[in-house]
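User: Please take a close look at the charged side chains in this model and at how they are paired. I would like them placed in the setting of the whole protein, with the surroundings described as well.

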Amino acid sequence: MSGANNSFQRALCPLLVAGQCFALMPVSGLTGYDASTLQFRWLSPRVAYTFLSLVGIFCHLCVCVRELVVADHITYSACAPPIFFAVTFLATCFYLRLATKWPDLVSKWQTVEQTMLKDYGYPRNFERRCKFCAAFMLTASTVEHLMALYSCLLRALPRSTGGLDVVRAFYTSWFEQAFKMTEYALWKSLLLQLSNFLATFTWSYMDMYVTLVSMALTEKFLQFGEGLRAVRGKMGLKRERPVVMAAIACIDRPQAAPLKFWREARQLYDNLCCLTRTVDEHISHLVLLCLASDLYFICLQLFNSLKNVKTLYGYIYFFYSFGYLLFRASSMCFCAAAVNEVSQKPRDVLYAVPAGTYNAEVERFIDRVTTDEVALTGFRLITLNRRLILTIVGSIVTYELLLVQQGNGQGSFSEELEYAANITIM
């Protein structure tokens, strides 16, 4: 049995604490070992910090929308800044809403964990995998943001008169839209920089959060499947995984034991399905926002990829940014789709039950697995599974082919557009 550090609350603790540094998930008691330590209070410094972040992001959004309204014509790339800040504003609101329900959600998750603890334990090395994934994606996001800052600095240098004036040139280039409306001041620049950084982190955090929660659900179904495969091995069929001692004990009991075992197995599967639905009720709106945001910005980067980049650093920055976006989006989609895939695994064992041990509980179990679709959804409008991934990939490929066919790849990639290709530098 793995240690308690591999529980859901402990494994996600580093990611949630990191989120609080950037005004997300304002819940106290995240470092505890039990759901009873979790508490959400509206009158708390964490919530106040979240509201200040919302104010800053909303100001950015208003500036971008105004710039879009007064523009002579609207382009695809010009729509990116307001969409980016609208997405991050909504995401921050969604995380605030999720924080109010987080103690109850973790409590229900721990109830299922306690049910499985005696026979299955905690997932092995789950905390380590969560820390690695979170650290890797946070580091990649930080590197991307630093590269964006350096790109803006390169653009600002020709506008500087030298010395400390480079600071003014940098901020007026980075927040050009804002300083068209107001005079430059260093304190304004620092506030804009802070809110922009919070928005950029929130944009990356959405995919990280959905990825790790999906991994946690997948691990619970995998643990359950390991127990069933142990039964399959005990029946003389091919053994795919190490035998789980609880399953062996059930098979070695008297004749009435198989009926009890299959009833308990079906009830545990029902608990996992209910847990998945509960999680989906809490994060389905966030999943839909992730999918829509990732799809838009992938298409935007594909549009920009057909233009010419003038500098070597422009190439490096563009492909790193685009590659990180693809990796982040694909990780989220595949991990979320894996929940649906592993929930169907018990069918292989149930179909292999010999006639001599087949009973009413096995039949009910088969009906549940084959008729009930267990998956995360995007606000219950779309179901995340392998078919959806194939559909998204097909749509992106079709979009790219249409761009090539229409000749949008012709023309030069101007310096201004080159540095504005990635939305994190707005």
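Analyst: The protein exposes about 19600 Å², and carbon and sulfur atoms supply 62% of this area. The model is predicted, and the description below should be read as one of a predicted structure. Of the 426 residues, 54% count as buried. The secondary structure consists of 13 helices and 2 strands. Among the contacts with a separation of 6 or more, 77% are between residues 24 or more positions apart.

Against this background, the charged side chains can be taken up. The structure holds 17 salt bridges. One of them is centred on R328 in helix α9, whose side chain meets that of D207 in a salt bridge with an N to O distance of 2.7 Å. This pair links distant parts of the chain, since D207 belongs to helix α6 (residues 186-234) and R328 to helix α9, with their positions 121 residues apart. Both partners lie under the 20% limit for burial: D207 is buried at a relative accessible area of 1%, and R328 is buried at 0%.

R328 has another acidic partner. The side chains of D294 and R328 also meet in a salt bridge, here with an N to O distance of 3.6 Å. Distant parts of the chain are again linked, as D294 is in helix α8 (residues 257-305) and R328 is in helix α9, 34 residues apart. D294 and R328 are both buried. Elsewhere, salt bridges that share partners join eight residues into one network, namely R263, R266, D270, R277, E361, R364, R368 and D372.

A pair within a single helix offers a further case. K108 forms a salt bridge with D104, and the closest N and O atoms are 3.5 Å apart. The two residues are 4 positions apart in helix α3, so about one helical turn separates them. Neither side chain is buried in this pair: K108 is partly exposed, with a relative accessible area of 39%, and D104 is partly exposed as well, at 40%.

R155 must be described in other terms. This arginine is found in helix α4 (residues 126-156). R155 is buried yet has no salt bridge. The nearest side chain of opposite charge is that of E176, 4.9 Å away; a salt bridge requires a distance within 4 Å, so the R155 and E176 pair does not qualify. A polar atom of the R155 side chain does lie 3.0 Å from the backbone oxygen of S173.

Helix α4 also carries S141. S141 counts as buried because its relative accessibility is 6%. Leaving aside residues up to four places away in sequence, S141 touches S204 and Y324.

Helix α3 (residues 80-120) includes L98. With a relative accessibility of 2%, L98 counts as buried. Apart from residues up to four places away in sequence, L98 touches M25, Y209, H282 and I283. L98 and I283 are 185 residues apart in sequence, while their C-alpha atoms are 7.5 Å apart in space.

Between α3 and α4 there is a loop that contains N125. The phi angle of N125 is near 55°, which is a positive value in a residue other than glycine. N125 counts as partly exposed, at 41% relative accessibility. A positive phi of about 55° is found at F379 too, although F379 is not a glycine. F379 is placed in the loop between β1 (377-378) and β2 (382-383).

Finally, helix α9, the helix of R328, also has a part in the nonpolar surface. Helix α9 spans residues 312-343 and includes I316. L312, Y315, I316 and F319 make a nonpolar surface patch of about 450 Å². I316 is partly exposed, with a relative accessible area of 46%; membership of such a patch requires over 30%, so I316 meets this requirement. Helix α9 therefore holds both I316, which is partly exposed, and R328, which is buried at 0% relative accessible area.

Key:
Residues numbered from 1 in each chain as written. Predicted model: local features only at pLDDT ≥ 70, side-chain atom pairs only at ≥ 80, totals over all residues. Heavy atoms only, no water. Patch = residues over 30% accessible without salt bridge, like charges linked within 9 Å, V, L, I, M, F, W, Y side chains within 5 Å. Areas by Shrake-Rupley, 256 points an atom, 1.4 Å probe, with all protein chains shown as cover. Buried < 20%, exposed > 50% of the residue type's maximum accessible area, 1.4 Å probe, protein only. Lys, Arg positive; Asp, Glu negative; His and termini not counted. Polar contact = N/O pair within 3.5 Å; in protein donor to acceptor, adjacent residues only side chain to side chain. Contact = heavy atoms within 4.5 Å.
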